Amino acid sequence: MTDTAVDTVLADLAEGLPDNVLNTDPDVLASYSVDRAMFVEPGSPIALVRARDREQVQHVMRVATKHRVPVVPQGARSGLSGAAIAIDGCILLNVERMDQIIEIDTANRLVVTQPGIFNADLSRAVLEHGLYYPPDPASWEFCSIGGNLSTNSGGLCCVKYGVTTDYVLGLELVLADGRVLRTGRRTVKGVAGYDLTRLVVGSEGTLGVITEATLMLRPKTEQPLTVAGLFGSCEDAAAAVSALIADGAVPSLLEFMDRASIDAVNEAFNMGFDDSVQTVLLAQSDVGGERATQDIEMVAKHFEAAGGEVMIAEDPAEGEQLLAARRQVLTAFERFGTTMIDDVCVPRDRLVDLVHGTAELAEKYSLLVGVVGHAGDGNFHPTVCFDANDPEQTRRAKELFDAIMELSLDLGGTITGEHGVGTMKVDLLEREVGELSLELHRKVKAAFDPLGILNPGKVFRPTAR
C-alpha cells in the first residue's frame, strides 16, 4: 500500500471516530501487534482502533471494505496461537474497551455482555446474583470473553460443564461490510435455521467482529471439596482416570500434572511434593453437602486402587492452594526459560501414549517438556521450555512443538482443544480435517467475508497451496 493510500484510509477512519480511539504511534502499534504466541513474526499495521461501541466497529469495517484493507480483530491478546497478531498493512481493531455487562437476567439465567470484559470479572459479577458462568480458562483473570468466544475456550471445569459454545445463546456480529448480524436467541431451545452462533464461536475473528454475546448461566455452585492423588507413574494415574470415567464419576474438575510440572510448582509455590511422586491428579466436587463428600470418597477410592497416595483438602483454603498451583503451573514453567504451550487433545485412553511419546520427543530434541492438562476430557498442554537467546534451542523448540501436535494426530487426537489454530497451526489443519473440509471452510468464509479482509491467513490459508 502506498503512503498516499495509507493516508486516505487513515483520513476516512478519523472522520468517523472520536479522539483517543484511532492511534498510529509506531510504539503503540508495535505493542498491539502481538499476542502471547511464540515464533509468529508480526506484520506492520497501519493503525490501531480501540473501539468503544458497535458503531465504531461498523465504521472501521466499512472503511476497510471500501479500501479493501485487512482487519485483525483483537481483545485482551492473551491467545497462544497467533490469531490476534498483526499482518502487514492491516487495521488492528481492538475491542478491549467494550467491557460492559449490559444485562443480568436472573429469571432466565442469562447475561448479555460486551466482548472486552475479562472472564473473571464476568464470573464474579454474575456470582453476586447467585449465578455461575462455568467456562474458566487458566488465564481467566486476564483473558476476555470475546477471545474465549473466538477460540471456543474451555478450562479446568470442562469435564463436567463443557466449553464456551455450550453457553452461548446468541451473538451480535459486525460483518466485513459493516452490517450487523444477530444470531441465536434468548430462549433455552431453538432450532430454526442453521446454527450460525456455533459456527461463529471458534472462528477466531475470520467471519466477523463479535460486539455482544448472550450467555447462558447456571445456578451458583457450592464451595468445592478437593482431593489430590499422588502417583509413582503415569500409568497408575491414567488407570485411575479410566476407572473414574468408567464408574460414572462426574467431578467438576480432574487435572493432571507430570513430574516436570510438579518440579515447577514445587519451586514456585513450595508445594512440598516428594521426589517419588511422578504424577499428580487433582479432582473436585462442587455439588455440596453429603453428595460432595460421597463424590470425593469415590474419587479417593479409585486413586488408591490405582496405587495413588490420597490427600483430601481439610478446608477450602487448602483446596484453593492446590488449585492455585495447577492454575499457575504454566507461569511456573517460565522459571525454566521461555515456554511454548501446546494444546493437544487425545482420547482419554491414550493419555499414557501422549505422555510417553512427548517424553521421547523431548529426549530426541534435548529440551525440557512438562505435561499438564485436563485429564477428564483428554486436553493436555505439553509445554516446551527453552532458551530463546539460543538460536539452536529455538529451532529445536519449534520443531518439537510441531512434533507434539503430529503425535496427537497419530493418537487419534486434535492439534487444538481450546487455544485455536491461529497462525501457528495452519499447516497442520489440513491433515486433521481433510481437503474437502477446508474447501467448505473457504466457501463459508467467502459467504461472510467476500473480500477476505477479516483476519486473513488465520485458521487456514485463503487458497489451497
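This is a short walk through one sheet, two helices beside it, and a nonpolar core.

Hi everyone, and thanks for having me. Before we start, please keep in mind that this is a predicted model.

Let's begin with the sheet. Five strands make it up, and it is an open one. If you read across it, the order is β5-β6-β10-β8-β9, with antiparallel pairing. At the edges sit β5, residues 101-105, and β9, residues 180-184, each of which pairs on one side only. On average, neighbouring strands here are turned by 10° against each other, ignoring direction.

Now zoom in on one pair. Strand β8, residues 168-174, runs antiparallel to strand β10, residues 209-216, and six bridges link the two. If you'd like a spot to find on screen, look for Val174, which stands opposite Val209 in β10.

So what packs on this sheet? Helix α3, residues 54-67, does, and it touches β8, β9 and β10. The direction of α3 makes about 50° with that of β8. Then there is helix α4, residues 119-127, lying across β5, β6 and β10. Helix α4 runs at about 35° to β5.

Let's move on to the nonpolar side of things. How many residues does the largest nonpolar core have? It has 50. The residues with the most contacts inside that core are Phe256, Leu281, Phe303, Phe380, Val384 and Leu400. Helix α14, residues 391-410, gives the most to this core, with eight residues.

One last stop: Phe303. Leaving aside residues up to four places away in sequence, Phe303 touches a list of residues including Val227, Phe231, Leu244, Leu254, Leu281 and Val310. Gly229 and Gly308 are also among its contacts.

Thanks for listening!

Note on methods. Residues are numbered from 1 along each chain as its sequence is written. This is a predicted model: local features need pLDDT of at least 70, side-chain atom pairs count only at pLDDT 80 or more; totals for chains, interfaces and linings use all residues. Side-chain values use heavy atoms; hydrogens and water are left out. Two strands pair if DSSP finds at least two bridges between them. Helices (H or I, at least four residues) and strands (E, at least two) are DSSP runs, numbered from the N terminus. Axes are lines fitted to C-alpha atoms, for helices over the stretch in contact, and angles run from 0 to 180 degrees between N-to-C directions. Contact means heavy atoms within 4.5 Å. A nonpolar core is a set of buried Ala, Val, Leu, Ile, Met, Phe, Trp, Tyr and Cys residues joined through side-chain atoms within 4.5 Å. Buried means under 20% relative accessible area, exposed over 50%, partly exposed in between (1.4 Å probe, protein chains only).
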